Amino acid sequence: LAVLLALTLSGAAQAHRPWLLPSASEVDGKAPWVTVDAAVSENLFDVDGNALKLDGLTISGPDGQPVSGANVLQGKQRNSVELQLTQPGTYRLAVLNGGLMATYKDKAGQPKRWRGTLEKFAAEVPADAQDLKVTQSAGRVETYVTVGKPSAVKASGKGLELVPVTHPNDLAQGEKATFAFHVDGKPAAGVEVVVVAGSSRYRDKLGEIKAKTDAQGQFSITWPAAGMYWVDADVKDDKTSVPQAKERRLSYVGTLEVLP
């Protein structure tokens, strides 16, 4: 739940940032393996915070079918999963989080806070709660890994997600890349995007790169240097699936590798 709350806040503004980090985003060889770390840290891609739970991990293979990870390691500061790349093409790994947050007053007029799943809401929040305010949230933390030639990445059409125009595993220093953000499968205009290079502990300034999506939901980035980059975006709307919730908060975090 702590991670879910973090995902509903502006990632660039908060001190701790969730991420998935593959040991490599582009690999060669027959049936290779990659290791993907999952954490929430203050300095990007350093293990200096808490582990990101992998309960909501989904892996899609190049053919769009689900793929199972192996050898899951659960630690205090980092979790990790290994993935055997048995098919050529692009794999999409994402940790999906969703839930509800509520504030209300009980019968005695005492203020209460609640966070949990949709299934537990009716049982744990009194039906006669006073001054009830409910917010629905959904977050996605993801990365991509390609073996051999990149293949198309199919969007899910759910929540806030990055839709590649430039392939996410075909990024190079000094070159411009274009992406789009969609909400529930439709282009999202005016979304503020923040991109931050890794190894932030070795810089005096965070060095954020900021962009905003156009009418087609697209934005472009020219990569200043090679390395791993963290991409963050957040959207609020009223398109909830819970009658009591008047606001929906959507968040996206992605890790992209830029090569020399």
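## Strand S17 and its partners

In this predicted model, Val195 stands opposite Val231, a residue of strand S17. The pairing behind this match joins strand S14 (residues 192-197) to S17 through 5 bridges, in the antiparallel sense. S17 also pairs with strand S18 (residues 245-258), again antiparallel, and here the number of bridges is 11. Within that second pairing, Asp237 has Arg248 of S18 as its bridge partner.

S17 covers residues 227-237, and 8 of its 11 residues are buried, so the strand is largely enclosed by the rest of the structure. In a regular strand, side chains alternate between the two faces of the sheet.

## The hairpin of S6 and S7

Strand S6 (residues 70-74) has 5 residues, and the number buried is 0, so S6 lies largely in the open. Its antiparallel pairing with strand S7 (residues 79-84) consists of 3 bridges. One position in this pairing is Ala70, which stands opposite Glu82 in S7. The two strands form a hairpin, with 4 residues between them.

## Val67, in the loop before S6

Val67 belongs to the loop that lies between strand S5 (57-60) and S6. The relative accessible area of Val67 is 22%, and the residue is classed as partly exposed; the cut-off for buried is under 20%, so the value of 22% falls outside that class.

Apart from neighbours within four places in sequence, Val67 is in contact with Ile59, Ser60, Gly61, Leu83 and Tyr91. Of these, Leu83 falls within the residue range of S7 (79-84), the strand that forms the hairpin with S6. A separation of 31 Å lies between the C-alpha atoms of Val67 and Gln173, which are 106 residues apart along the chain.

## Thr213, in the loop between S15 and S16

Where does Thr213 lie? Its place is the loop between strand S15 (209-212) and strand S16 (218-222). Is Thr213 buried or exposed? With a relative accessible area of 5%, Thr213 is buried.

The side chain of Thr213 has polar neighbours in the backbone at Ala188 and Gly190. It reaches the backbone oxygen of Ala188 at 2.7 Å, and a polar atom of the side chain lies 2.9 Å from the backbone nitrogen of Gly190. Leaving out residues up to four places away in sequence, Thr213 touches Phe181, Ala188, Ala189, Gly190, Val191, Val193, Gln218 and Phe219. Among them, Val193 falls within the residue range of S14 (192-197), the strand that pairs with S17.

## The protein as a whole

The secondary structure comprises 2 helices and 18 strands. The radius of gyration is 19 Å, close to the 18 Å that the globule rule gives for 260 residues, so the protein is as compact as a globular protein of that length. Along the principal axes, the C-alpha trace spans about 65 × 40 × 40 Å.

Of the 260 residues, 47% are buried. The accessible surface of the protein comes to about 13200 Å², and carbon and sulfur atoms account for 48% of this area. Among contacts with a separation of 6 or more, 68% join residues that are 24 or more positions apart.

Terms used: Residues numbered from 1 in each chain as written. Predicted model: local features only at pLDDT ≥ 70, side-chain atom pairs only at ≥ 80, totals over all residues. Heavy atoms only, no water. Buried < 20%, exposed > 50% of the residue type's maximum accessible area, 1.4 Å probe, protein only. Pairing = 2+ DSSP bridges. Polar contact = N/O pair within 3.5 Å; in protein donor to acceptor, adjacent residues only side chain to side chain. Contact = heavy atoms within 4.5 Å. Rg over C-alpha atoms; globule rule 2.2 N^0.38 Å. Areas by Shrake-Rupley, 256 points an atom, 1.4 Å probe, with all protein chains shown as cover.
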